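Here are a few exercises to try with the model open in your viewer. Have a go at each task before reading its solution.

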Amino acid sequence: MKTTETKKTSTKKAPAKQASSKQTSAKQTQKGQTVKAKSDAAEGLRELFIDSLKDIYWAEKALTKALPKMAKYATSENLITAINEHLTVTEGQVERLEQVFEILGEKAAAKKCDAMEGLIKEGESIMEETQQGPVRDAGIISASQKIEHYEIASYGTLAAFALTLEEEEAAALLQQTLEEEKEADTILTEAAYNTINFDASEEDQQDEE
């Protein structure tokens, strides 16, 4: 009798284990379907490369409109000069991207860059939320460097893509822009540490007094 009962018990447990296994499989399938690709999603590295070029092309063109606003609301002569000089550099970078598109046999087209749009909006918010003077200048530098760091990451990736795809001429142009972005970031850092951040700090001390 005991032996029979043991067999019956094991027989009842087996389906429960199978059901549990099916549930786990179903959960794994659901997890795999959480991200659905768009109908025009890139299927290869070259497509991703072109798509990323369109993204940064939009970003650079947006910057040519945003930089004059930053210069208008800045007060430090060094900062105004740095922004205006980078505007000229950015306009050249737009033309360079158009060269890259031409090399690749693609039409120069812009695709909205959500990241750059967000960074520009953040910069506008900083200008609205600070008083004109050293504090606002420090905020403008902060916003500008976030933009530079995004561009450095973007151009570094694009240059690597170009080399992987054996597009050496395009890679050289992208590398040139990458070096310009690094230089711009250094100039902003020097402006911040040499005068602007310290002037902003002195204003805090005066307010406390």
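The exercises below concern a predicted model, and each one comes with a worked solution.

**Exercise 1. The nonpolar core**

Task: Find which residues touch the most other members of the largest nonpolar core, and which helix gives the largest share of this core.

Solution:
- Start with the members: this core holds 43 residues, and Phe49, Leu53 and Leu174 touch the most other members.
- Next, look at where they come from. At least two residues each are supplied by H2 (45-73), H3 (77-103), H4 (114-128), H5 (134-164) and H6 (168-208).
- Now compare the shares: H2 gives the largest, with 12 residues.
- Finally, zoom in on Leu174. Beyond four places in sequence, Leu174 touches Phe49, Leu53, Leu97, Val100, Tyr155, Leu158, Ala159 and Ala162.

For background, nonpolar side chains in soluble globular proteins tend to be buried together.

**Exercise 2. A pair of helices**

Task: Work out whether H2 and H3 are roughly parallel or roughly antiparallel to each other.

Solution:
- Two packed helices are described by the angle and the distance between their axes.
- Here the axes of H2 and H3 come within 9 Å, crossing at roughly 155 degrees.
- Angles over 145 degrees count as roughly antiparallel, so H2 and H3 are roughly antiparallel to each other.
- The handedness of the crossing of H2 and H3 is left-handed.
- As for the chemistry, the contact of H2 with H3 involves 16 nonpolar, five polar and five charged residues.

**Exercise 3. Buried, partly exposed or exposed?**

Task: Classify Thr177, Ala108 and Glu166 by relative accessible area, then describe the setting of each residue.

Solution:
- Recall the cut-offs: buried is under 20%, exposed is over 50%, and partly exposed lies in between.
- Thr177, in helix H6, has a value of 1% and is therefore buried. Leaving out residues up to four places away in sequence, Thr177 touches Gln93, Arg96 and Tyr155.
- Ala108 sits in the loop between H3 and H4. Its value is 31%, so Ala108 is partly exposed. Apart from neighbours within four places in sequence, Ala108 is in contact with Tyr57, Glu98 and Phe101. Ala108 and Leu53 are 55 residues apart in sequence, with 8.8 Å from C-alpha to C-alpha.
- Glu166 belongs to the loop between H5 and H6. At 61%, Glu166 counts as exposed.

**Exercise 4. A backbone angle**

Task: Decide whether the phi of Glu166 is positive or negative.

Solution:
- Begin with the expectation: most residues other than glycine have a negative phi.
- Then check the model: Glu166 is not a glycine, yet has a positive phi of about 60 degrees.

Conventions. Residues are numbered from 1 along each chain as its sequence is written. This is a predicted model: local features need pLDDT of at least 70, side-chain atom pairs count only at pLDDT 80 or more; totals for chains, interfaces and linings use all residues. Side-chain values use heavy atoms; hydrogens and water are left out. A nonpolar core is a set of buried Ala, Val, Leu, Ile, Met, Phe, Trp, Tyr and Cys residues joined through side-chain atoms within 4.5 Å. Buried means under 20% relative accessible area, exposed over 50%, partly exposed in between (1.4 Å probe, protein chains only). Helices (H or I, at least four residues) and strands (E, at least two) are DSSP runs, numbered from the N terminus. Contact means heavy atoms within 4.5 Å. Axes are lines fitted to C-alpha atoms, for helices over the stretch in contact, and angles run from 0 to 180 degrees between N-to-C directions. Angles under 35 degrees count as roughly parallel, over 145 as roughly antiparallel, 65 to 115 as roughly perpendicular and the rest as oblique. A crossing is left-handed if the near helix is turned anticlockwise from the far one by less than a right angle, and right-handed if clockwise. Ala, Val, Leu, Ile, Met, Phe, Trp, Tyr, Cys and Pro count as nonpolar, Asp, Glu, Lys and Arg as charged, and the others, Gly among them, as polar.
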